[in-house]
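Hi,

Here is the model I promised to pass on. Have a look at it first, and my notes come right after.

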Amino acid sequence: RLPANTVLRQNMLGPLKSPVIVKRNQNVVISIESPGFLITAVGKTMQDGRAGDYIKVRNMDSQRIIVARISEDGSVVPVL
């Protein structure tokens, strides 16, 4: 508890965590983009994750499990 009118300083706060963007078993878009083309597929997450996290995702077409990085918009980009 803090007394009223306490000024909070950065060193008083714990590390800030970004919110969980994707939940386990959620459908996501897997995308690979390069100049001249865009490839997308549907995947299912195997873990919860925040933007920038690396998680396992199952490609629903091939059933392969890949490691992908979560983007701010909730899509994932495979680690190549």
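Below is what I found, going from the core out to the segment before the first strand.

One thing to keep in mind throughout: this is a predicted model.

**The core**

Let's start inside. The largest nonpolar core has nine residues: V22, V28, I30, A41, I55, V57, A68, I70 and V76. Three strands each supply at least two residues of this core, namely strand 2 (27–34), strand 5 (54–59) and strand 6 (65–70). As background, nonpolar side chains in soluble globular proteins tend to be buried together.

If you want one residue to click on in there, try V57. Which residues does V57 contact once its neighbours within four places in sequence are left aside? The list runs V28, I30, G43, K44, T45, M46, R64, I65, I66, A68 and V76. Among these, V28, I30, A68 and V76 are also members of the largest nonpolar core.

**Two buried polar residues**

T45 turns up in that V57 list, and T45 deserves a look of its own. It sits in strand 3 (residues 37–45). Is T45 buried or exposed? T45 has a relative accessible area of 0%, so it counts as buried. As for polar partners, the T45 side chain reaches the backbone oxygen of K23 at 2.5 Å. Not counting residues up to four places away in sequence, T45 touches V22, K23, R24, N25, Q26, V28, I55, K56 and V57. Of those, V22, V28, I55 and V57 belong to the largest nonpolar core.

The other one is S75, in the loop between strand 6 and strand 7 (76–78). Its relative accessibility is 12%, and S75 counts as buried because the cut-off for that is under 20%. What does the side chain of S75 make a polar contact with? The partner is the side chain of D73, at 2.7 Å. Setting aside residues up to four places away in sequence, S75 also touches V29, S31, R69 and I70.

**Two positive phi values**

For backbone geometry, there are a couple of residues to check. Most residues other than glycine have a negative phi. N25 has a positive value, near 70°, without being a glycine. You'll find N25 in the loop between strand 1 and strand 2, and it is partly exposed at 45% relative accessibility. N25 is also one of the residues that T45 touches.

N5 is another non-glycine residue with a positive phi, about 65° here. N5 lies in the segment before strand 1 and is exposed, with a relative accessible area of 78%.

**The segment before strand 1**

That brings me to the start of the chain. Strand 1 covers 20–22, and L2 is in the segment before it. What makes up the nonpolar surface patch? L2, L8, M12 and L13 form it, and the patch comes to about 390 Å². L2 is exposed, at 56% relative accessible area. M12, in the segment before strand 1 as well, has a relative accessible area of 41% and is partly exposed. M12 touches T6 and V7, again not counting residues up to four places away in sequence.

V7 itself is in the segment before strand 1 and counts as exposed at 55% relative accessibility. How far apart are V7 and N59 in space, C-alpha to C-alpha? They are 49 Å apart, with their positions 52 residues apart in sequence.

L16 is in the segment before strand 1 too. L16 is exposed, its relative accessible area being 76%. From L16 to M60 the C-alpha to C-alpha distance is 33 Å, and the two are 44 residues apart in sequence.

**If you only have a minute**

Open V57 and T45 together, since T45 is in contact with V57. Then go to the patch made by L2, L8, M12 and L13, and finish with the positive phi of N5.

Cheers

Conventions: Residues are numbered from 1 along each chain as its sequence is written. This is a predicted model: local features need pLDDT of at least 70, side-chain atom pairs count only at pLDDT 80 or more; totals for chains, interfaces and linings use all residues. Side-chain values use heavy atoms; hydrogens and water are left out. Patches are made of residues with over 30% relative accessible area and no salt bridge: like charges are joined within 9 Å, nonpolar side chains (Val, Leu, Ile, Met, Phe, Trp, Tyr) within 5 Å. Accessible areas come from the Shrake-Rupley method with a 1.4 Å probe; for residues, only the protein chains shown count as cover. A salt bridge is a side-chain nitrogen of Lys or Arg within 4 Å of a carboxyl oxygen of Asp or Glu. Helices (H or I, at least four residues) and strands (E, at least two) are DSSP runs, numbered from the N terminus. Buried means under 20% relative accessible area, exposed over 50%, partly exposed in between (1.4 Å probe, protein chains only). A nonpolar core is a set of buried Ala, Val, Leu, Ile, Met, Phe, Trp, Tyr and Cys residues joined through side-chain atoms within 4.5 Å. Contact means heavy atoms within 4.5 Å. A polar contact is a pair of N or O atoms within 3.5 Å; within protein, one must be able to donate a hydrogen and the other to accept it, and residues adjacent in sequence count only if both atoms are side-chain atoms.
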